[in-house]
Amino acid sequence: MATLAHGGARTATTHTTTTGSKSANAARYVFAGVRIALGWVFLWAFLDKLFGLGHETAEKAAWINGGSPTNGFLGRAVAGPFKDFYNGIAGAGWADWLFMLGLLGIGVALILGIGMRVAAVAGALLLVLMWTAVLPPANNPFMDDHLIYAGTIVGLALTQAGDTLGLGRWWGETALVSKAPWLK
């Protein structure tokens with residue numbers, strides 16, 4: 001009987017381990033998909049504001065046509081306790097450059113799966129700032145998609161989501177990242 005119980009336990013452990021491995025593997029791919037999708041959200045915002053692709057930014061308001069990527073929203077759509085602050089920086093050259101470089105860098109980093117730590121910090125900061133631009137949110141006393149995205153980006157970096165369907169593992173082994181691990 002002892003042999004059967006021991007053998008039965010071994011089979012159950014093997015089954016649990018196999019099931020756990022399959023679940024962990026599936027989760028890695030789900031997180032990679034979320035990472036790429038969220039990267040596309042940032043990259044699309046950059047491209048639309050740069051070229052005026054007509055989704056949120058008209059062609060005449062495109063950055064390459066002299067428009068300001070921050071002027072429309074920060075100048076006219078903000079509300080709440082930080083309205084004066086955001087109105088004051090709307091259309092400033094430095095704000096346009098920081099915003100656009102942030103969108104591009106975060107989007108590319110997430111899509112490629114590299115620089116996830118930097119993307120998580122920059123992305124979470126940008127998203128929290130965007131959340132503060134319209135307080136309180138329209139549909140909830142405090143929670144909206146900006147905070148959920150911010151938490152998601154941080155979670156993606158913490159779980160090394162850039163290693164699956166991305167260049168994260170390779171990036172982590174480069175000499176640059178070996179010298180400056182915060183770039184992982």
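Is D163 buried or exposed in this predicted model? With a relative accessible area of 16%, D163 is buried, because anything under 20% goes into that class. That makes a handy starting point, but a look at the whole chain helps first.

The protein chain is built from 8 helices and 0 strands. Going along the sequence, the pattern simply reads α-α-α-α-α-α-α-α. Of the 184 residues in the protein chain, 34% are buried. The accessible surface adds up to about 11000 Å², and carbon and sulfur atoms hold 69% of that area. As for contacts with a separation of 6 or more, 60% of them are between residues 24 or more positions apart.

Back to D163, which sits in the loop between α6 and α7. Which residues does D163 touch once its neighbours within four places in sequence are left aside? The list is G168, R169 and K184. In the case of R169, the backbone nitrogen lies 3.0 Å from a polar atom of the D163 side chain. With K184, D163 forms a salt bridge, and the closest N and O atoms of the two are 3.8 Å apart. This salt bridge ties together distant parts of the chain: D163 belongs to the loop between α6 and α7, while K184 belongs to the segment after α8 (175-179), 21 residues apart. The structure holds just 1 salt bridge. The two partners also fall into separate burial classes: D163 counts as buried at 16% relative accessibility, whereas K184 counts as partly exposed at 21%. The cut-off explains this split, since buried means under 20% and partly exposed covers the range from there up to 50%.

The loop that holds D163 also holds L167, found between α6 (145-158) and α7 (168-172). L167 is partly exposed, with 39% relative accessibility. What does L167 form on the surface together with L104, V108, L112 and W170? These residues make up a nonpolar patch, and their accessible area together is about 420 Å². Helix α4 (residues 93-112) supplies the largest share of this patch, namely 3 residues.

Aromatic rings are next. How many aromatic pairs does the structure hold? There are 4 of them. One of these is formed by W40 and W44, a tilted pair with 5.8 Å from centre to centre and 40 degrees between the planes. Both tryptophans are in helix α1 (residues 2-51), and they are 4 residues apart, about one turn of the helix. W40 is partly exposed, at 44% relative accessible area, and W44 is partly exposed too, at 28%. Another pair brings together F85 and Y86: their ring centres are 5.1 Å apart and their planes stand at 70 degrees, so this pair is edge-to-face. Why does that angle lead to the edge-to-face label? Planes over 60 degrees apart get that name, while planes under 30 degrees apart count as stacked and the rest as tilted. Burial splits this second pair: F85 is partly exposed, with a relative accessible area of 48%, but Y86 is buried, with just 6%.

Note on methods. Residues are numbered from 1 along each chain as its sequence is written. This is a predicted model: local features need pLDDT of at least 70, side-chain atom pairs count only at pLDDT 80 or more; totals for chains, interfaces and linings use all residues. Side-chain values use heavy atoms; hydrogens and water are left out. Patches are made of residues with over 30% relative accessible area and no salt bridge: like charges are joined within 9 Å, nonpolar side chains (Val, Leu, Ile, Met, Phe, Trp, Tyr) within 5 Å. Accessible areas come from the Shrake-Rupley method with a 1.4 Å probe; for residues, only the protein chains shown count as cover. A salt bridge is a side-chain nitrogen of Lys or Arg within 4 Å of a carboxyl oxygen of Asp or Glu. Helices (H or I, at least four residues) and strands (E, at least two) are DSSP runs, numbered from the N terminus. Buried means under 20% relative accessible area, exposed over 50%, partly exposed in between (1.4 Å probe, protein chains only). A polar contact is a pair of N or O atoms within 3.5 Å; within protein, one must be able to donate a hydrogen and the other to accept it, and residues adjacent in sequence count only if both atoms are side-chain atoms. Contact means heavy atoms within 4.5 Å. Rings of Phe, Tyr and Trp (its six-membered ring) pair if their centres lie within 6.5 Å; planes under 30 degrees apart count as stacked, over 60 as edge-to-face and the rest as tilted.
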